[in-house]
Amino acid sequence: MDLRSKARTLPAPTTDPTKLPKWNYDGSSTNQAPGDDSEVILYPQTVFKDPFRRGNNILVMCDAYTPAGEPIPTNKRFNAAKVFGHPDVVAEEPWYGIEQEYTLLQKDINWPLGWPVGGYPGPQGPYYCGVGADKALGRDIVNSHYKACLYAGINISGINGEVMPGQWEFQVGPCVGIASGDQLWMARYILERITEIAGVVLSFDPKPIKGDWNGAGAHANYSTKSMRNDGGIDVIKKAIEKLGKRHGEHIAAYGEGNERRLTGRHETADINTFSWGVANRGASIRVGRDTEKEGKGYFEDRRPASNMDPYVVTSMIAETTILWKP
């Protein structure tokens with residue numbers, strides 16, 4: 001997880017990314033280009049209101065290209081946009097809701113916020129959605145982030161304290177197609193900025209603390225138009241069958257260090273085994289009770305790690321379930 005940003009002054013206010021100029025940065029300082037040909041070009045893609053400077057100021061989500069116009073290797077948005085631009089995918093209007101978990105750490109010692117230095121709090125149990133100074137550790141940061149995302153125009157749909165103390169979650173969605181990746185990355189950036197102000201370190205490590213503590217994921221809730229229509233449960237089951245056949249490929253793309261999290265314990269499925277079930281949080285894919293009851297709706301892919309790239313995960317789910325022919 002390596003987010004970078006810089007600021008510039010524009011001659012006039014605008015909220016249209018097509019009217020914004022391309023820019024560049026020194027790719028040799030980010031290990032994205034050699035020193036003798038260091039320029040990486042920024043292409044403006046999506047605009048949000050700036051919750052820090054406010055007024056007419058904006059935050060601009062960009063992706064990165066060589067001077068020749070080729071996407072650089074770390075630009076995962078480019079291929080995702082091609083998937084989401086495919087007519088078959090456009091027709092299905094894929095919706096995503098991403099549950100982004102993260103951990104707040106004490107600066108300098110990289111130990112969870114509110115934990116005794118060199119020690120541990122009481123065991124898991126009272127912290128999930130908990131209330132109180134000994135249970136909800138860092139709520140001011142979380143609420144500030146919530147408000148900032150709402151101001152920015154991000155579809156942030158909720159927040160909650162997680163199972164491990166010092167760990168939290170926010171949800172972004174529903175978003176259609178490429179907007180899911182754009183909005184989640186911007187929500188992550190805003191959270192980084194707020195933790196920076198608070199003097200707290202933000203971690204997206206999928207298993208920040210070893211032992212009997214929950215890891216951090218980024219569950220992807222997903223549906224297509226066919227799944228949301230009557231009889232959609234059959235479409236959902238076919239999609240899950242496809243995902244099972246490409247389990248290894250998805251796991252390889254679902255985040256670094258995920259093997260430390262997907263152990264079959266702490267509300268996860270084993271990394272080597274694909275499974276699905278209704279209301280089963282120990283499965284790779286969970287189908288909700290409401291979806292089963294109504295015969296249509298969505299499902300949740302519980303495999304992605306907290307440090308996953310949403311452009312990769314969302315486009316891969318669409319590619320496998322809509323475009324891939326086994």
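Start by selecting aspartate 108, which is exposed, with a relative accessible area of 73%. You'll find aspartate 108 in the loop that runs between strand E4 (95-106) and strand E5 (111-112). Check its backbone too: aspartate 108 isn't a glycine, yet its phi is positive, at about 80 degrees. Keep in mind on this tour that you're looking at a predicted model.

**Zoom out: the whole chain**

Now show the protein chain as a cartoon. You should be able to trace 9 helices and 12 strands. The radius of gyration is 20 Å, close to the 20 Å that the globule rule gives for 326 residues, so the chain is as compact as a globular protein of that length. If you drew a box around the C-alpha atoms along the principal axes, that box would be roughly 55 × 55 × 40 Å.

Switch on the surface next. The protein chain exposes about 15600 Å², and carbon and sulfur atoms supply 50% of that area. As for what's hidden, buried residues make up 51% of the 326 residues.

Try colouring by charge as well. There are 37 positive and 39 negative charges, and their mean positions are 3 Å apart.

How much of the contact network joins residues at least 24 apart? Take the contacts between residues at least 6 apart in sequence: 65% of them join residues at least 24 apart.

**Stop 1: aromatic rings**

Hide the surface and show the aromatic side chains. The structure holds 11 aromatic pairs. Select tyrosine 43 and tyrosine 65: the ring centres are 3.9 Å apart and the planes sit at 25 degrees, which is under the 30-degree cut-off, so this pair is stacked. Tyrosine 43 belongs to strand E2 (residues 39-49) and tyrosine 65 to strand E3 (residues 58-65), so to speak two distant parts of the chain, 22 residues apart, linked by the pair. Both tyrosine 43 and tyrosine 65 are buried.

Now go to tryptophan 115 and tyrosine 120. Their aromatic pair is tilted, with 5.9 Å from centre to centre and 55 degrees between the planes. Is each partner buried or partly exposed? Tryptophan 115 has 3% relative accessibility, so it counts as buried. Tyrosine 120 is at 49%, so it counts as partly exposed.

Before you leave the rings, select Phe84, Tyr96, Tyr222 and Phe299 together. Ring pairs link these four residues into a cluster.

**Stop 2: a cis peptide bond**

Select glycine 173 and proline 174 and look at the bond between them. That peptide bond is cis, with omega at about 0 degrees. Proline 174 lies in strand E7 (residues 167-176).

**Stop 3: asparagine 214 and histidine 266**

Jump to asparagine 214, in the loop between strand E8 (200-203) and strand E9 (218-223). Its relative accessibility is 7%, so asparagine 214 counts as buried. Which residues is asparagine 214 in contact with, leaving aside its neighbours within four places in sequence? They are Gln124, Val163, Met164, Gln167, Lys207, His266 and Glu267. For a sense of scale, draw a distance from asparagine 214 to valine 312: they are 98 residues apart along the chain, and their C-alpha atoms are separated by 24 Å.

Follow the contact to histidine 266, which sits in the loop between helix H7 (247-253) and strand E10 (276-278). Histidine 266 has a relative accessible area of 19%, and the cut-off for buried is under 20%, so it is buried. Its phi is positive, near 55 degrees, in a residue other than glycine.

**Stop 4: two gaps of 20 residues**

Select isoleucine 251 in helix H7. At 13% relative accessibility, isoleucine 251 counts as buried. Beyond its neighbours within four places in sequence, isoleucine 251 is in contact with Leu262, Ile271 and Arg303. Isoleucine 271 is 20 residues along the chain from isoleucine 251, with 7.5 Å between their C-alpha atoms.

Finish at aspartate 309, in the loop between strand E12 (299-301) and helix H9 (310-323). Aspartate 309 has 18% relative accessibility and counts as buried. Aspartate 309 and arginine 289 are also 20 residues apart in sequence, but here the C-alpha atoms are 28 Å apart in space. Setting aside neighbours within four places in sequence, aspartate 309 is in contact with Lys76 and Trp185.

Note on methods
Residues numbered from 1 in each chain as written. Predicted model: local features only at pLDDT ≥ 70, side-chain atom pairs only at ≥ 80, totals over all residues. Heavy atoms only, no water. Helix = DSSP H or I, 4+ residues; strand = E, 2+ residues; numbered from the N terminus. Rg over C-alpha atoms; globule rule 2.2 N^0.38 Å. Buried < 20%, exposed > 50% of the residue type's maximum accessible area, 1.4 Å probe, protein only. Contact = heavy atoms within 4.5 Å. Areas by Shrake-Rupley, 256 points an atom, 1.4 Å probe, with all protein chains shown as cover. Lys, Arg positive; Asp, Glu negative; His and termini not counted. Charge placed at Lys NZ, Arg CZ, Asp CG, Glu CD. Phe/Tyr/Trp six-rings, centres within 6.5 Å; stacked < 30°, edge-to-face > 60°.
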